Amino acid sequence: MSDLANNMENLNIGGKPKSSYVPPHMRGKRGGGQQQSFDGGFEDNDRGSFSYFGGRGGRGNRGSSFFGGSGGRYGKNGSGNGFGGSGQGRAPRGVGKWVNGKHVPAAKNEQLEVQLFGTPEDPGFQSSGINFDNYDDIPVEATGNDVPDPITEFTSPPLDALLLENIQKARFTKPTPVQKYSVPIIAAGRDLMACAQTGSGKTGGFLFPVLSESFANGPAPIPEQASSFYVKKAFPTAVVLAPTRELATQIFEEARKFTYRSWVRPCVVYGGADIGSQIKELNRGCDLLVATPGRLSDLLERGRISLCNIKYLVLDEADRMLDMGFEPQIRHIVDGCDMPSVENRQTLMFSATFPMDIQHLARDFLKDYVFLSVGRVGSTSENITQNVLYVEDADKRSALLDLLAASDDGLTLIFVETKRMADALTDFLIMQDLKATAIHGDRSQGERERALNAFRTGRANLLVATAVAARGLDIPNVTHVINYDLPSDIDDYVHRIGRTGRAGNTGVATAFLNRGNKNVVKDLVDILTEAKQEVPPFLTQLARESSGGRGGRGGYHSSRSNNTRDYRRVGGGGSGSRGGSSWGSGNGGSRGGSSWGNSWGNSGSGSWGNTSTSSAGNSWW
Ligand SMILES: Nc1ncnc2c1ncn2[C@@H]1O[C@H](COP(=O)(O)OP(=O)(O)OP(=O)(O)O)[C@@H](O)[C@H]1O
């Protein structure tokens, strides 16, 4: 157990509600009325403290800005082209060429290599943790017709030699389970719906096979009728859609590493940033486009991008991309523009969660796909120690300070439900002399970038966030995730806590729960049990009280258990699942072991119900 987990055990918050709780580090502190100051006392307590919100204004006389004026880049390794695509200060890129049907890699560039791959001593470098090898023990299931065998190592072939070099430069010594399977599945031309736990390498799971094939086969020729003499257009070969600007940028940064020296030029576009500079970047060439859906639609409408050459459509956080918030935009991009039809492209979907309704909806975008699950769909990593504390709303601030006092040196991410709460809690923490900053959808792009940069570099070791930071973000050294407010959808909980315990590292997640969270209690008990975590007695009691009530995800899922597998095998029949199912040991990629699915074989009833309803609301950030 980590030090942090030990410290947590010694805290006395959980179990019994305590309304007049005063955290130890505040007891006897000057002013005495600690509870008072937590409840807004800072309004009249002008200590001349500075604001961590560069230029946000906010209230009162706040003196200097903590992050004002910083460059706004947050590329892990200080890479230049993170935002807005200005290209300023960028080192020469190692861009290769495709000439006469041959790949001509660029010469090596040491300076760029250090920018892209960092050094092992770099604190911003996420090294794989002590539990990395345990990923091999997670059972893997791959269902669908003629599923290809997994690879067991990174070798060339099947991977392209240049890609292999880049993978080695990134210090990835062996593939994670999702990568072992996705590489041959995608190389075989198959569509894929892949579900693997948070932090287990899904980004590489789609980048490696897509880039390997692209390096080997080159770009498609630009159709004459699609190009325009007047407006310059980009014709990417692959498009990766992601739900947030920060995640899109992160994927782009990963793509920059693995495309080093190749002919493939990655680009990123997202809302909230200057579209003019993004267009300039596109005009310099764009083979792999990472985008948020809104900005991509905008650029498509302006005729700046054509999707007619797309071979690969990737939906990262696919369940999010297909829920009510994004689905219409995705449909427009996929069906309403010039993207090749489902038969003429490969569609790849990745997430840690895939609810049944979303899987059903996803059929529209896929053909004869393989469903891959590493561990149970929607399960949490055992690398994360999960604690649930009973804390009444009025006591949350005190309890939070307690937790923080017991924290180790790592970074702590604190999730709240609303943007207002994010600001209020951040102000409160700053008034306690803690180094906090906030990220949410009402902050400008510059503010969001600065906040994330401050957090990544440790200048602010506390980040208060809404769900905007829940998915995909890979920030080294996040050792603790606190759900100050629990989400109403258990899948959101899974993604949130997945910001720690990544790449085989360990982490701690703490949730504050009270009777107001009854809707999520049953699912939470399932999650904890599945991940072999302790279930506190009060939680079992609450689950009993709330049984008979409706489950999470908007209440129409009667049970989470339906959400944990390939829907085609639950009741949809559909396209033939592989006969011998494959909950093998997962070790060395051996499939075809024991079937865990006897009870849910091909019933063929096709009647799992309400398919047209999407899940989460559309204002999650
Ligand atoms: N084969 C590998 N060897 C070592 N480290 C790896 C490997 N593949 C990925 N990683 C590292 O693991 C971390 C998590 O990877 P990634 O962000 O792709 O996870 P994910 O599964 O997409 O997570 P999430 O569900 O949160 O989006 C990253 O820091 C990445 O560099």
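Reader: From which domains does the shell around the ligand draw at least three residues each?

Author: The model is predicted. The protein is divided into two parts, 97–374 and 384–546. The shell around the ligand takes at least three residues from each of them, that is, from domain 1 (97–374) and domain 2 (384–546).

Reader: Which residues come nearest to the ligand?

Author: There are 20 residues around the ligand. By class, the shell has five nonpolar, twelve polar and three charged residues. Those that come nearest are Phe-172, Gly-201, Lys-202, Thr-203 and Ala-503.

Reader: Which element gives the largest share of the shell around the ligand?

Author: The largest share is three residues. These come from residues 202–217, a stretch that forms helix 6.

Reader: Is helix 6 largely enclosed or largely open to the outside?

Author: A residue counts as buried if 20 or more other C-beta atoms lie within 10 Å of its own. In helix 6, 14 of the 16 residues are buried. Helix 6 is therefore, with respect to the rest of the structure, largely enclosed.

Reader: How far apart are the end C-alpha atoms of helix 6?

Author: Helix 6 has 16 residues, and at 1.5 Å a residue it should span 22 Å. The distance in the model agrees with this, as the end C-alpha atoms are apart by 23 Å.

Reader: Which residue just after helix 6 takes a positive phi?

Author: Helix 6 covers residues 202–217. Just after this helix, a positive phi of about 75° is taken by Gly-218.

Reader: How far apart are the end C-alpha atoms of residues 152–180?

Author: An unreviewed UniProt entry lists residues 152–180 as "short sequence motif: Q motif". In the model this span is 45% helix and 0% strand. The C-alpha atoms at its ends lie apart by 6 Å.

Reader: What distance separates the centres of domain 1 and domain 2?

Author: The centres are taken over C-alpha atoms. Between domain 1 and domain 2 the separation is 29 Å.

Reader: Which helix gives the largest share of the side of domain 1 that touches domain 2?

Author: The contact between the domains takes 27 residues from domain 1 and 20 residues from domain 2. On the domain 1 side, the residues divide into ten nonpolar, twelve polar and five charged. The largest share of that side, four residues, comes from residues 245–258, which form helix 7.

Reader: What percentage of the residues in the protein is buried?

Author: The protein has 19 helices and 16 strands. Of its 621 residues, the buried ones make up 52%.

Definitions and conventions: Residues numbered from 1 in each chain as written. Predicted model: local features only at pLDDT ≥ 70, side-chain atom pairs only at ≥ 80, totals over all residues. Near = placed C-beta within 6 Å. Helix = DSSP H or I, 4+ residues; strand = E, 2+ residues; numbered from the N terminus. Nonpolar A, V, L, I, M, F, W, Y, C, P; charged D, E, K, R; others polar. Domains from an automatic or database assignment. Expected span 1.5 Å × (residues − 1). Buried ≥ 20, exposed ≤ 12 C-beta atoms within 10 Å, placed from the backbone. UniProt positions renumbered as here; feature names shortened; annotations may be inferred. Contact = placed C-beta atoms within 7 Å.
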